[in-house]
Amino acid sequence: MKRFKNILYVSQGLPSESDSIGQALRLSSANQATLNGLIVSPALPAHMEQYQELYRGSLFQSLEQQISQARQVNDISHADTPFPLHLSCDEHPAVTIIRSVLSQKHDLVIKDAEPVDDDGEGFKAMDMTLLRKCPCPVWLNRPAHQPRNKRRVAVAIDPTSNSEEHHRLSLRLLELARSIADSCDSRLHVVSCWEYQLERYLSNHVWIKIEDQELNRELDKAKQHHRQALDSMIAEANISGNIQVHHLHGVPDDKIPDCVESEDIDVLVMGTLARTGIPGFVIGNTAENILQSVKCSLVALKPDGFVSPIS
């Protein structure tokens, strides 16, 4: 299924150990989409002006070599998939990227995730700005330790929201994750967490003294209601193929990162759930906590109609 028509690949002008360039080329070729490259890097100080041309030239040359290697590996020629490059040297790279998305109407940004500390968890400032404020989907790539046909893909959804906006986003997440999984090991891991909101208040509370059997009945009802909604949403998304459902009891902030780690997930697809029509409204607390706890690559979507605070 063709999903993207105008892809932006972002480089910080440094060597890359991930497959981001190959991913951009493959997606562009498969979708017959326009592909552009944007190099964002710090500007040289004024007293080093004499090195400006060499500096800019080295950034282009380094990325062009990486693109050439990726073309050979993926057998994608320049004639079939052009990849023009642009350079921006300023102090606010995330703003530059978002402005490019807005002005050129890009529908996907692919970028290497910035290196983090030794534990490998979370995302750094530029990436978090893109996750919060970029209006189109953002794919933050990390080096994979598996060949592409063995990489594992998971999608995190909540099927019980009463918001139509949230419902549509969940369907888009399932469809996109299915498409990504088809290009990897073909299995799609669907992760969803259920809770009974009163469980922590009623369980082992000496003053209420609710019977365990009654509390268990309420838990079973909550679990069944959530699972029915989850199965219904998967059916509505009309995705086929190998689907492995992880129906987890607990808070998403804890359970989703644990599942990603235990299942050795390489790519997590999730929504940031920023509200539409409210410029600058940050991502939800649950999404923020999950983002800061995962070590894998991330594909993040916002609801239709999200308004970026960047003009």
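The crossing of helices α5 and α7 is right-handed, a label used when the near helix is turned clockwise from the far one by less than a right angle, with anticlockwise giving left-handed. This is a predicted model, in which local features need pLDDT of at least 70 and side-chain atom pairs count only at pLDDT 80 or more, while totals for chains, interfaces and linings use all residues. Residues are numbered from 1 along each chain as its sequence is written, and side-chain values use heavy atoms, leaving out hydrogens and water.

**Two helix pairs**

Let's stay with that first crossing. Helix α5 covers residues 164–182 and α7 covers residues 212–237; their axes come within 9 Å and cross at roughly 65°. Helices here are DSSP runs of H or I with at least four residues, strands are runs of E with at least two, and both are numbered from the N terminus. The axes are lines fitted to C-alpha atoms, for helices over the stretch in contact, and angles run from 0 to 180 degrees between N-to-C directions.

Who does the touching? On the α5 side, His167, Ser170, Leu171, Leu174 and Glu175 make the contact, and on the α7 side Met233, Ile234, Glu236 and Ala237 do. Contact means heavy atoms within 4.5 Å. Sorted by class, that contact has five nonpolar, two polar and two charged residues. The bookkeeping: Ala, Val, Leu, Ile, Met, Phe, Trp, Tyr, Cys and Pro count as nonpolar, Asp, Glu, Lys and Arg as charged, and the others, Gly among them, as polar.

Then there is the pair α3 (residues 93–104) and α4 (residues 125–133), which pack at an angle of about 35° with their axes 9 Å apart. The crossing of α3 and α4 is right-handed. Here Pro93, Ala94, Ile97 and Ile98 of α3 meet Met126, Thr129, Leu130 and Lys133 of α4. The α3–α4 contact has six nonpolar, one polar and one charged residues.

**The sheet and its strand β4**

Now for the strands. Ten of them form an open sheet with mixed pairing, in the order β3-β2-β1-β4-β5-β10-β9-β6-β7-β8. The edges are β3 (85–89) and β8, each pairing on one side only. On average, neighbouring strands are turned by 20° against each other, direction ignored. Two strands pair if DSSP finds at least two bridges between them.

Strand β4 (residues 108–112) is worth a closer look. Five of its five residues are buried, so β4 is largely enclosed by the rest of the structure. Buried means under 20% relative accessible area, exposed over 50%, and partly exposed in between, with a 1.4 Å probe and protein chains only. In a regular strand the side chains alternate between the two faces of the sheet. In β4, Leu108, Ile110 and Asp112 point one way and Val109 and Lys111 the other, and all are buried.

What flanks β4? Strand β1 (residues 6–11) runs parallel to β4 and is joined to it by four bridges, with Leu8 partnered by Val109. Strand β5 (residues 138–141) is also parallel to β4, again through four bridges, and Ile110 stands opposite Trp139 there.

**Some buried residues up close**

Here are four buried side chains, with their contacts outside the four nearest places in sequence.

| Residue | Relative accessible area | Contacts |
|---|---|---|
| Leu176 | 6% | Arg3, Phe4, Val299, Leu301 |
| Ser100 | 15% | Leu8, Leu38, Lys105, His106 |
| His247 | 16% | Ser192, Trp194, Lys223, His226, Arg227, Leu230 |
| Thr96 | 17% | Leu38, Val40, Ser88, Asp90 |

Thr96 lies in helix α3, and so does Ser100. Leu38 touches Thr96 and also turns up among the contacts of Ser100. The C-alpha atoms of Thr96 and Leu38 are 9.5 Å apart, with their positions 58 residues apart in sequence. Ser100 also reaches Leu8, the residue whose bridge partner in β4 is Val109.

Leu176 belongs to helix α5. A separation of 10.0 Å lies between the C-alpha atoms of Leu176 and Met270, which are 94 residues apart along the chain.

His247 is found in strand β8 (residues 242–249), one of the two edge strands of the sheet. Which side chain does His247 make a polar contact with? The partner is the side chain of His226, at 2.9 Å. A polar contact is a pair of N or O atoms within 3.5 Å; within protein, one must be able to donate a hydrogen and the other to accept it, and residues adjacent in sequence count only if both atoms are side-chain atoms.
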